[in-house]
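Please open the model in your viewer and set the side chains to be shown as sticks, so that individual residues can be selected one after another. The tour below follows charged side chains and the partners they meet.

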Amino acid sequence: MSRKNQSNFSNSKSASIAAAVLGFGLLMGAPLAAQAQNYDGYCYQKSSNARTKGTVIGAVAGAAVGSGVAGKGAKTEGGILGAIVGGAIGNQIGKEHKETSRANCLNSRYYIYDQGYYDPPSPPNGYRTVYFTDRPQYDNYYVRHNGREERWDRRKHGNRDRY
């Protein structure tokens, strides 16, 4: 192998490793960032195809970037690695994405965190749990106390955050 080919191989290998490490860091950091949010509440929304869209868009963009930064002679490998990393990142972003700006909660039920954060019960089939930092506008909200669901009326309690 000539010195020039060794240099190109080394550069493309370094670029591939750097892309994999960066992608893994972004992929692992996304759930941690979501957990660090100060959520107001949650509701159940109809499942959408946002994850599929995110995966496809991420894979296409990742392939383009990966082949663009890969060294000469390693464009295919860079594109494949970029597609894998981009698809994984796009999938995670799509998982957290809300398709609409409105809440569109199942049965118009938005659950507020009244006494600290807790993991909500699993959503019904065909629905997913969506977390909010800003409270959507409904006349009634719901809270869970000791496993019971109770109605919290905004008109009665005003804009107080506590039950």
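Begin by selecting arginine 148, which in this predicted model counts as partly exposed, at a relative accessibility of 48%. Now add glutamate 150 to the selection, and you will find that the two side chains meet in a salt bridge, with 2.4 Å from N to O. Glutamate 150, unlike its partner, is buried, because its relative accessible area is 15% and the cut-off for buried is under 20%.

Next, select glutamate 149 together with arginine 144, whose side chains also form a salt bridge, here with an N to O distance of 3.4 Å. Glutamate 149 is partly exposed at 35% relative accessible area, and arginine 144 is likewise partly exposed, with a value of 22%. If you then add Arg109, you will have a network of salt bridges in which Arg109, Arg144 and Glu149 are linked.

For the last stop, move to aspartate 40 and arginine 135, which form a salt bridge whose closest N and O atoms are 2.8 Å apart. This pair links distant parts of the chain, since the two residues are 95 residues apart: aspartate 40 sits in the loop between helix H1 (3–35) and strand S1 (41–46), while arginine 135 sits in the loop between strand S3 (127–132) and strand S4 (140–145). Is aspartate 40 buried or exposed? Aspartate 40 is buried, with a relative accessible area of 14%.

To take in the whole set, keep in mind that the structure holds four salt bridges.

Notes. Residues numbered from 1 in each chain as written. Predicted model: local features only at pLDDT ≥ 70, side-chain atom pairs only at ≥ 80, totals over all residues. Heavy atoms only, no water. Helix = DSSP H or I, 4+ residues; strand = E, 2+ residues; numbered from the N terminus. Buried < 20%, exposed > 50% of the residue type's maximum accessible area, 1.4 Å probe, protein only.
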